[in-house]
Amino acid sequence: MLTLYNTLTRRKEEFVPIEPGRVRMYVCGMTVYDYCHLGHARVLVVFDVIVRHLASLGYQVTYVRNITDVDDKIIARAAEKGESLRELTGRFIEAMHEDADALAVLRPDIEPRATDSMDDIVSMIGKLLDKGYAYDGGNGDIYYSVSKFEHYGQLSGKRIEDLRSGARVEVNEAKQDPLDFVLWKSAKHGEPGWPSPWGEGRPGWHIECSAMSTGCLGAHFDIHGGGMDLKFPHHENEIAQSEGATGQHFVNYWIHNGFVQVDEEKMSKSLGNFFTVREILQRYQAEEIRYFILTSHYRSPLSYSDDNLDKARGALQRLYTALRDSVAVDEAQPVPEYETRFRTAMNDDFNTPEALAVLFDLTRAMNRSRQRGGEDAALLAGTLKTLAGRLGLLQSDPELWLRSRHGAGAEGPSDDEIEALIARRDQAREDRDWAEADRLREQLTGLGIVLEDSAGSTRWRRE
RNA sequence: GGCUGGGUGGCAGAGUGGCUAUGCAGCGGAUUGCAAAUCCGUGGACCUCGGUUCGACUCCGGGCCCAGCCUCCA
């Protein structure tokens with residue numbers, strides 16, 4: 001039985017899909033005006049793992065992750081670069097796909113773009129106007145009237161009175177209430193615009209997601225996810241819009257992932273303390289990043305540091321080393337004991353650290369078995385590969401992985417140069433010239449190569 | 001000020017009302033020409049003050065501290 005933490009109720013609940021055997025899930029994706037940073041990577045990986053786990057439980061999952069390809073920042077960036085909106089967003093969508101692919105993130109089933117969803121957006125705003133939830137600000141802008149929606153604040157636990165006294169809201173005389181938010185912004189001169197009954201303009205950020213999710217999954221669906229920072233106001237506003245427009249209950253389960261932190265602070269653009277995925281890929285392998293993300297529970301903070309990435313590397317080395325030394329039975333049915341423990345961990349609100357612990361217990365059992373010449377080492381290796389696969393890990397060839405360079409920007413000797421030095425050392429060892437053999441090994445160590453002598457052969461990997 | 005979530009061993013990070021997390025690092029041993037890898041063994045923790053309880057790191061309350069949201073943000 002799958003239980004998950006529902007932000008809406010603030011407790012773990014049993015997951016019951018609306019339609020038996022099917023899951024409809026929507027996640028707020030990126031606003032594409034720059035490269036993905038580690039915070040974006042976390043969302044991609046976390047929900048990818050959730051989708052994989054749901055699929056492993058036998059659910060037929062429809063996963064929608066949107067792309068916001070029009071907003072003020074995008075418009076400003078495009079103007080700055082002298083590019084069209086479509087050119088700029090096209091470039092960064094491609095970059096995002098490259099990063100996601102590198103991180104072994106499976107493509108969502110549907111990836112709607114805001115600019116391709118204008119009909120849905122305009123029609124939803126129209127419904128909100130008809131039903132009295134929205135009003136024309138008199139300047140061509142359409143606003144949502146927060147006080148008209150009686151459940152406003154249910155997701156974030158905020159009350160309208162508290163928000164008013166909080167008073168960090170911009171002053172805008174077109175709004176009837178400072179808490180009201182924009183649904184449609186009229187295009188100022190030179191700004192890109194789309195036609196609507198209220199004139200040329202563009203949608204507000206919140207309405208995009210309401211329209212795209214409802215358009216792809218219907219008025220009522222199972223899971224809606226995104227980063228913690230979207231809980232308020234973005235997701236709160238989505239509920240107000242969608243429920244206002246359709247009159248139906250919007251989403252059953254809300255899932256929010258925690259932040260990536262740097263030095264105890266949220267990694268963010270405004271603080272300037274962010275690292276892009278491609279930047280980190282210069283020094284680390286994508287799988288090391290993915291593993292690092294999964295070492296922490298998705299709702300906990302994840303502290304970024306080279307030290308922690310190094311630890312991820314060490315852990316993966318242990319796993320891949322074990323896999324390398326056993327012949328994995330690829331099509332093996334997982335050993336029930338480990339499969340059950342793994343599934344139980346994942347069923348408990350997607351507890352990936354616990355699931356990883358199962359993988360390490362399994363690895364120890366496998367190494368032990370192999371050392372004793374046990375028959376079940378191959379079966380355990382197959383189990384490891386299968387279970388790790390559900391986390392999107394350990395799918396590379398172990399030998400190649402262990403020998404690969406650490407990141408695209410890494411330097412060092414070529415495989416051929418390494419092999420040549422090892423051949424010389426093997427000769428010295430055969431001649432029992434230990435001094436020469438050790439000298440060559442030290443030379444290789446200096447080049448970042450670790451040797452592993454075994455009966456009759458020498459294996460190597462990059463440290 | 002209001003609203004979330006959290007404070008666990010050297011580091012990272014799960015979890016449980018009484019019983020080994022796990023990984024990295026440390027220590028002892030096996031193995032090895034020496035290493036590496038691996039295995040065996042081992043030290044080390046639960047912010048603070050009260051309460052509930054036979055028993056609390058785990059439940060409840062106060063305090064202190066940290067992060068986040070209340071403005072664009074994954």
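Chain A carries 56 positive and 75 negative side chains, and the centres of these two sets lie 3 Å apart. The model is predicted. Chain A holds 16 helices and 15 strands, and 52% of its 463 residues are buried.

**Overall dimensions and surface**
- Along the principal axes, the C-alpha atoms of chain A fill a box of roughly 90 × 50 × 35 Å.
- The exposed area of chain A is about 20500 Å², of which carbon and sulfur atoms supply 48%.

**Contacts along the sequence**
- Taking contacts in chain A between residues at least 6 apart in sequence, 74% join residues at least 24 apart.

**Second largest pocket**
- The second largest pocket encloses about 150 Å³ of space.
- Its lining consists of 13 residues, and the closest to the pocket centre are Ala102, Ala104, Glu287, Gly392 and Ser396.
- Helix α9, residues 286-294, gives the most to this lining, with three residues.

**Cavity**
- One cavity of 30 Å³ or more is present in the structure.
- The volume of the largest cavity is about 80 Å³.
- The largest cavity is lined by Arg42, Val45, Val46, Val49, Ile50, Ile293, Leu294, Ser296, His297, Tyr298, Phe350 and Thr352.
- Two or more residues of this lining come from each of α1 (38-56) and α9.
- Helix α1 gives the most to the lining of the largest cavity, with five residues.
- Helix α9 thus appears in the lining of the largest cavity and in that of the second largest pocket.

Definitions and conventions. Residues numbered from 1 in each chain as written. Chains lettered and ligands numbered in written order. Predicted model: local features only at pLDDT ≥ 70, side-chain atom pairs only at ≥ 80, totals over all residues. Heavy atoms only, no water. Helix = DSSP H or I, 4+ residues; strand = E, 2+ residues; numbered from the N terminus. Buried < 20%, exposed > 50% of the residue type's maximum accessible area, 1.4 Å probe, protein only. Contact = heavy atoms within 4.5 Å. Areas by Shrake-Rupley, 256 points an atom, 1.4 Å probe, with all protein chains shown as cover. Lys, Arg positive; Asp, Glu negative; His and termini not counted. Charge placed at Lys NZ, Arg CZ, Asp CG, Glu CD. 1 Å grid on protein atoms, 1.4 Å probe; cavity = no way out; pocket = protein on both sides within 12 Å on 5 of 7 lines; lining within 4 Å. Points joined across faces, edges and corners; volume = space filled by probe spheres on them.
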